[in-house]
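Me: I should like to learn how to read burial, salt bridges and helix packing from a set of coordinates. Could we take the features one at a time, with the general idea before the case?

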Amino acid sequence: MTETNVTRAETEVDGHRTSYLTVDRDGPVVLLLHGTYWSRVWQPVLDGLADAGLRPVAVDFPGMGRSDGELDPQTAAVPALADWVGRFAAALGITGPVGVAGHDIGGGVAQHLAVRGPLDVRRLALVNAVMFDSWPVPGVARFRDPAVVAATTPEDLLASRREAVTTALGRAATEQLIDDYLEPWHDARVCRSWMAMAAAADARFTTDLVPALEQSSLPKVLVWGEDDGFQKVEYAERFAAQIPHTGLVRIPGAGHLPMENEPGRVAGALADLFTTR
């Protein structure tokens, strides 16, 4: 087993225990945001980021992963989650400029933070993230119907998430890794929070940011698993062409979770962005 310095820690935000993965070291802070998964998606790259001199912090949103609390369609909306990230950073005593990386819907939150605050974001990375009108994908969009939410049992959602996780992991999928990713969804509260995030999914939260992104001078990088069937690489190509100061790092043979397929390449691409002066 590869030696790791990654630890899971806790703080309190809005009166709820909040869980996050980190490597306890000094260095510029990089906040890593998940979407319809949880902080586990970032685990393979945390040591690499720390080895580059960074302090990575991968948080679980309320009611997701191993954090307490519970999301509803209002608190799960991208602007509300961005405000929550600001309160999480304050709880950790993080002040001054930060780097932010987002995966999946967490990429929408990261874009919001980059152009509308409340944090002083100096560099932005998006990894197989939502953008423009790329979302919600059908498997998420159907939960915008309250009747679908009401009819979905925790067992139904667990089965659905197993299928999605298996596809997202691609060639990295093993039964042990799939079960590791699915562990939080055995909790009905997490299932409800996930459905709330799905119900809140709305492309206007990213399309509305495009004019500000087109004027942004922030250094940005897109890191993309080319075989992603959820967030297609064509959107990344469009973003890199349309949004200034944006680089694109393609990961051939990787899907929606390139951190699992090629952790060294993903960590290296992120470190290159976040350590460049």
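Reply: We may begin with a single residue, Ser 19, which is placed in strand E2. Please keep in mind throughout that this is a predicted model.

Me: Is Ser 19 buried or exposed?

Reply: The general idea is a cut-off: a residue under 20% relative accessible area counts as buried. Ser 19 has 2% relative accessibility and therefore counts as buried.

Me: Which residues are in contact with Ser 19, leaving aside its neighbours within four places in sequence?

Reply: With those neighbours set aside, the contacts of Ser 19 are Arg 8, Ala 9, Val 59, Asp 60, Arg 66 and Ser 67.

Me: How does one read burial for a whole helix, and which residues of helix H1 are buried?

Reply: One lists the residues that fall under the cut-off, then asks what they pack against. In helix H1, residues 43–51, the buried residues are Val 45, Leu 46, Asp 47, Leu 49 and Ala 50. They pack against strands E2 (16–22), E3 (29–33) and E4 (55–59), and also against helices H12 (258–261) and H13 (263–275). Strand E2, the strand of Ser 19, is thus among the packing partners of H1. Just after H1, Gly 53 adopts a positive phi of about 95°.

Me: Where does Gly 247 lie, and what does it touch?

Reply: Gly 247 belongs to strand E8, residues 246–251. With residues up to four places away in sequence not counted, Gly 247 touches Lys 220, Val 221 and Leu 222. A separation in sequence may also be set beside one in space: Gly 247 and Pro 219 are 28 residues apart in the chain, and their C-alpha atoms are 8.4 Å apart. Gly 247 counts as partly exposed because its relative accessibility is 29%.

Me: Let us turn to charged pairs. How many salt bridges does the structure hold?

Reply: The criterion is a side-chain nitrogen of Lys or Arg within 4 Å of a carboxyl oxygen of Asp or Glu. The structure holds 18 such salt bridges. One of them pairs Arg 250 with Glu 226, at 2.4 Å from N to O. This pair links distant parts of the chain, since Arg 250 is in strand E8 and Glu 226 is in the loop between strand E7 (220–225) and helix H11 (233–242), 24 residues apart. Both partners are partly exposed: Arg 250 has a relative accessible area of 32%, and Glu 226 has one of 26%.

Me: Which residues are joined into one network by salt bridges that share partners?

Reply: Glu 10, Arg 17 and Asp 68 form one network through shared partners. Within it, the side chains of Glu 10 and Arg 17 meet at 3.0 Å, N to O. Arg 17 has 30% relative accessibility and so counts as partly exposed.

Me: Which parts of the chain does the salt bridge of Arg 171 with Glu 262 tie together?

Reply: The closest N and O atoms of Arg 171 and Glu 262 are 3.0 Å apart. Arg 171 lies in the loop between H6 and H7, and Glu 262 in the loop between H12 and H13, so the bridge ties together parts that are 91 residues apart in sequence. Arg 171 is exposed, with a relative accessible area of 51%, whereas Glu 262, at 26% relative accessibility, counts as partly exposed.

Me: How should one read the packing of two helices, and at what angle do H6 and H7 cross?

Reply: One takes the angle, the handedness and the residues in turn. The axes of H6 (residues 154–169) and H7 (residues 175–182) come within 10 Å and cross at roughly 125°. That angle makes H6 oblique to H7. The crossing of H6 and H7 is right-handed. Among the contacting residues are Leu 158, Val 165 and Leu 169 of H6, and Leu 177, Ile 178 and Tyr 181 of H7. By class, this contact has seven nonpolar, one polar and four charged residues.

Me: What is the handedness of the crossing of H6 and H8, and which residues meet there?

Reply: The axes of H6 and H8 (residues 188–200) come within 10 Å and cross at roughly 65°. H6 is therefore roughly perpendicular to H8. Their crossing is left-handed. Pro 154, Leu 157 and Arg 161 of H6 meet Ala 188, Cys 191, Trp 194 and Met 195 of H8. These residues divide into six nonpolar, no polar and one charged.

How values were computed:
Residues are numbered from 1 along each chain as its sequence is written. This is a predicted model: local features need pLDDT of at least 70, side-chain atom pairs count only at pLDDT 80 or more; totals for chains, interfaces and linings use all residues. Side-chain values use heavy atoms; hydrogens and water are left out. Axes are lines fitted to C-alpha atoms, for helices over the stretch in contact, and angles run from 0 to 180 degrees between N-to-C directions. Helices (H or I, at least four residues) and strands (E, at least two) are DSSP runs, numbered from the N terminus. Angles under 35 degrees count as roughly parallel, over 145 as roughly antiparallel, 65 to 115 as roughly perpendicular and the rest as oblique. A crossing is left-handed if the near helix is turned anticlockwise from the far one by less than a right angle, and right-handed if clockwise. Contact means heavy atoms within 4.5 Å. Ala, Val, Leu, Ile, Met, Phe, Trp, Tyr, Cys and Pro count as nonpolar, Asp, Glu, Lys and Arg as charged, and the others, Gly among them, as polar. Buried means under 20% relative accessible area, exposed over 50%, partly exposed in between (1.4 Å probe, protein chains only).
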